[in-house]
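Reader: I have a structure here and would like to go through its backbone oddities. Can you take me through them?

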Amino acid sequence: MYDLMLKGGRVFDAAQGIAGKRMDVAVSGGIIAKVAPDIAESAARVLDVSGKIVAPGLIDLHCHVYEGVNQTGVDPDLVGVRSGVTTVVDGGSAGFANFGGFPAHVAPKAKTRVLCFVHIARNGLSTMPEIGGRGDIDVEETVKVVRANKPLVQGVKVRAIGPAVPSLGVEMVKLALQAASQGGVRLMVHIGDLYIREGPTLTQQLLPLLRKGDILTHTFTGNLGRIVDAKDNVLPELFAAQERGVTLDTAMGRFNFSFEVARRALDQGVKPKTLATDITVPGRLNTVHSMTEMMTRFLALGSTVADVIAMATANPAAALGMEATLGSLAPGRVADITVLNEVSGKWRLRDTVGSSLTSDKALAPASTVRAGEVIMPDWGPHPWGWLPEQA
Ligand SMILES: [Zn+2]
């Protein structure tokens, strides 16, 4: 007898080559025991998920969950297990000087698996802009925090924007890369300037520095530093980075997602790997809303359900180098499972620069299983719940 059975769902598991097949998923002792059609054995608890999507637990590769420390830090479980997401990756909310709260207070309290990138700026994103000059960066101290906090820490973060661009320039990125390299982790680089609308940008200089496995976040930003030039052609440096195996992530946040840039980039052959949220307290309420709404944005851009699930499961697992443990429903894995409703309608999806697209289907969380425990989603980020705005 199993502990839990998810009965009759449409299973999507890119890592196992399963795309929408009707199967049952059995869980025992917090571990996935069996995935097969019509499992005959009984279970202590059966969830009827017929008609619903059953996927590996969603992984949000870039969000901000330093709740209680940073002004915009959101409760990791609110955007985690209560939003259909079983793993959240904090994108540099903390730097070496204030990282201690993550292992002491945030990660141990959360049901959601919490992973972090340490910001190269001493106090992370507690005050923004976070880098005023060279004195805000200490490579050695950052490396110490990285080494002392693995596997909670998975990388180093830098935002290649802001008032230090004219003075420090690409040196900011080089220092962050040095810390990542010495710490034996990957680098995540934010592009898309929030502070200036014109002037030099670092994007073309930093792209050639990124190594295979490093992550470019906000790939579809419409701000200064975007990946398309004045004629809307994708920068050759971006294609070279994609070719080299740099992970292209499309986190949206409050300011960095343009359907127009997305359209141009996709048409020219840019292949984003992951679709993180960059969610914060205000971003949850006003712009990005949820991981499932982010997935629905890509449905509106023409991706398939199987594609958007891969971009939220197997791909971010691979981006973290954790494909052997996360992002699949293979038997023997920790039972992190996301059940989704696929709802037909006419849905309006907004970007951060005033444009919108419609989609005839939307995804919304139905239930989450985290290490075998069933957790129901909360009300959702909109006044009416989870689904996007009606068109
Ligand atoms: Zn962010």
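Author: First a definition: helices (H or I, at least four residues) and strands (E, at least two) are DSSP runs, numbered from the N terminus. This is a predicted model, where local features need pLDDT of at least 70, side-chain atom pairs count only at pLDDT 80 or more, and totals for chains, interfaces and linings use all residues. Residues are numbered from 1 along each chain as its sequence is written.

Reader: OK. Where does Ala371 lie?

Author: In the loop between β14 (356-370) and β15 (373-375). Phi of Ala371 is near 50°, a positive value in a residue other than glycine.

Reader: What is usual for phi and for peptide bonds?

Author: Most residues other than glycine have a negative phi, and most peptide bonds are trans.

Reader: Is Asp38 buried or exposed?

Author: Exposed, because 9 other C-beta atoms lie within 10 Å of Asp38. The cut-offs are 20 or more other C-beta atoms within 10 Å for buried, 12 or fewer for exposed, and partly exposed in between, with C-beta atoms placed from the backbone. Ala371 has 17 such neighbours inside 10 Å, so Ala371 counts as partly exposed.

Reader: What about phi of Asp38?

Author: Positive as well, near 45°. Asp38 sits in the loop that runs between β3 (31-36) and β4 (43-48).

Reader: Switching to peptide bonds. Which one leading to Pro129 is cis?

Author: The bond from Met128 to Pro129, with omega near -5°. Pro129 is in the loop between β8 (113-119) and α2 (139-148).

Reader: And what is omega from Lys150 to Pro151?

Author: Near 5°, so that bond is cis by its omega.

Reader: Where is Pro151 found?

Author: In the loop between α2 and β9 (153-159).
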